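Let's work through a few exercises together. Have the viewer open and try each task before reading its solution.

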Amino acid sequence: MDRPRITIFDTTLRDGEQSPGCSMNVQEKLRLAQQLDRLGVDVIEAGFPIASDGDFEAVQSIAASLRRPIIAGLARACTGDVDRAWQALQGAAHPRVHVFLATSDIHLKYKLRITREKCLEQARDAVRHAKSLCPDVEFSPEDATRTDVAFLCQVVEAAIAAGATTVNIPDTVGYSMPEEYGNLIRTLREKVAGIDRVTISTHCHNDLGLAVANSLAGVQAGARQVECAINGIGERAGNASLEEIVMAMRVRPDRYPYETAIAGEHLYPSSQMLAEITRVPVQPNKAIIGRNAFAHEAGIHQDGMLKNPLTYEIMTPQSVGVPDSRLVLGKHSGRHALALRCEQLGHQFERRELDEIYRRFVVLADRIKKVQDSHLLELIQDVASGNVSSSDVTGGKGKKFPPAAATLQFPRAVSAAAGAHASDSHPAQVSGSAGQASVSIPFTDHHSEQEDYLWGV
Ligand code: KIV
Ligand code: ZN
């Protein structure tokens, strides 16, 4: 049976760019938009044209250069904004005007200082005006999750009657809980006339760390578009992370039987490009694309990984564009990973020799945290020459060892229930330079400083 198709609406360049430290110039936005196109997102929200000349120009140049995806421009619910957005979208093959207006009493009273009646009228007029220019119009009642539900239904109904083709339900302040957000989508589907004619969209912020969970709950309740951003960037705590949404659906189709058009192998390169452009690094333990997402240090984990990657990985690194898993040699590492690393460095040992090397390795790792290849080679040399002192192994005393180059195949993974591992093998290769001792495949293209930083190679 065909799985429902979820439209991925990427807002990295608009909401994402609004996060502190993440602003980008026109060239950078265009470069990232081209990457988003390769990634396969359906909609690129390219900016907020009325906000600045730079934003206008960025939307204009992205609209003119990308032919496949829908290009959206954001506008407040007023004629000037809508006209400016439409002007910026002139060159687009598939333009979308995205109109928003706050609907919660808090926003109406303190921010907009208008009544509900005025809000309803303004939303209707702005959508009608946008529709007179562009067939594809999205409407967002800002702060929808803190809006009186009956009033929200009224505004959404009016927007649909005025011509909106997508209705987005923002959890603007990241206040909602997954069950609550799902129920809100269900209520709208039950109560709003004409809702079946439009696409319902989620737009969840991460103030309580629930943006992805809320978006998925929205999809389960019938939303068919998800607004999200690479690396989860966005106002305050950010937006729902695109890579997490996509991979949750891909790894758990039993719970989320939906399709997206995302090319998984471009997830990591997209994340890297964004981090490089904004110079905002990704947290190491970030799901899917953080540098530790496929790294294993604990001995038990490394042992399991070497026997079968399915023991500790629920998706292959390759499925998200990460070249391979890394086994980091640190104090939690076991004998198995150490022996393998020594072998990759060109040294095979009998059990007793390995015991001695392991004993010294643990002492060393306790002191220096990360054991580099050079340290390991010195330690091996020490043991081989019968030198009992291990005190000189941390100092990097200028001993030179030729870089080794060996390739290791992890066992072929048995197909996971999710199919994420499929028949992918896990080739691992020694990084030839004197980096941290680790079992990993080298990046074919690791010239970027950011990439080096992120992966510590
Ligand atoms: O968070 C929000 O409400 C928004 C709207 C403009 C869609 O970003
Ligand atoms: Zn937002």
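A polar contact here is a pair of N or O atoms within 3.5 Å. Keep in mind that this is a predicted model.

**Exercise 1.** Find out which side chains make polar contacts with ligand 1, starting from histidine 205.

*Solution.* Start with histidine 205: one of its polar side-chain atoms sits 3.0 Å from an oxygen atom of ligand 1, and the cut-off is 3.5 Å. Next, try arginine 14, where a polar side-chain atom is also 3.0 Å from a ligand 1 oxygen. Then go to threonine 172, whose side chain has an N or O atom 2.6 Å from an oxygen atom of ligand 1. Finally, zoom out: the residues around ligand 1 also include His98, Phe100, Ser140 and Glu142.

**Exercise 2.** Work out which residues coordinate the zinc ion (ligand 2).

*Solution.* First, pick out the donors: Asp15 through OD, plus His203 and His205, each through NE2. Their distances run from 2.0 to 2.2 Å. Now look along the chain, where the spacing reads D-x187-H-x1-H. Are histidines 203 and 205 buried or exposed? Both are buried. Last, look back at ligand 1: Asp15, His203 and His205 are among the residues around it.

**Exercise 3.** Describe the largest pocket and its lining.

*Solution.* Begin with the volume, about 430 Å³. Of the 26 lining residues, Asn231, Gly232, Ile233, Gln283 and Lys286 are the closest to the centre. Helix H8 (211-220) and helix H10 (267-278) are the elements that each give two or more residues to the lining. To finish, sort the lining by type: 11 nonpolar, 12 polar and three charged.

Key:
Residues are numbered from 1 along each chain as its sequence is written. Chains are lettered from A and ligands numbered from 1 in the order in which they are written. This is a predicted model: local features need pLDDT of at least 70, side-chain atom pairs count only at pLDDT 80 or more; totals for chains, interfaces and linings use all residues. Side-chain values use heavy atoms; hydrogens and water are left out. On a 1 Å grid over the protein atoms alone, a cavity is a set of points where a 1.4 Å probe fits but cannot get out, and a pocket is an open set with protein on both sides within 12 Å along at least five of seven lines; lining residues have an atom within 4 Å of a point. Grid points are joined across faces, edges and corners, and a volume is the space filled by probe spheres set on the points. Helices (H or I, at least four residues) and strands (E, at least two) are DSSP runs, numbered from the N terminus. Ala, Val, Leu, Ile, Met, Phe, Trp, Tyr, Cys and Pro count as nonpolar, Asp, Glu, Lys and Arg as charged, and the others, Gly among them, as polar. Donors are N, O and S atoms within 2.8 Å of the metal (3.2 Å for Na, K and Ca); water is not among the atoms, so sites may look incomplete. Buried means under 20% relative accessible area, exposed over 50%, partly exposed in between (1.4 Å probe, protein chains only). A residue is near a molecule or strand if one of its heavy atoms lies within 4 Å of it. A polar contact is a pair of N or O atoms within 3.5 Å; within protein, one must be able to donate a hydrogen and the other to accept it, and residues adjacent in sequence count only if both atoms are side-chain atoms.
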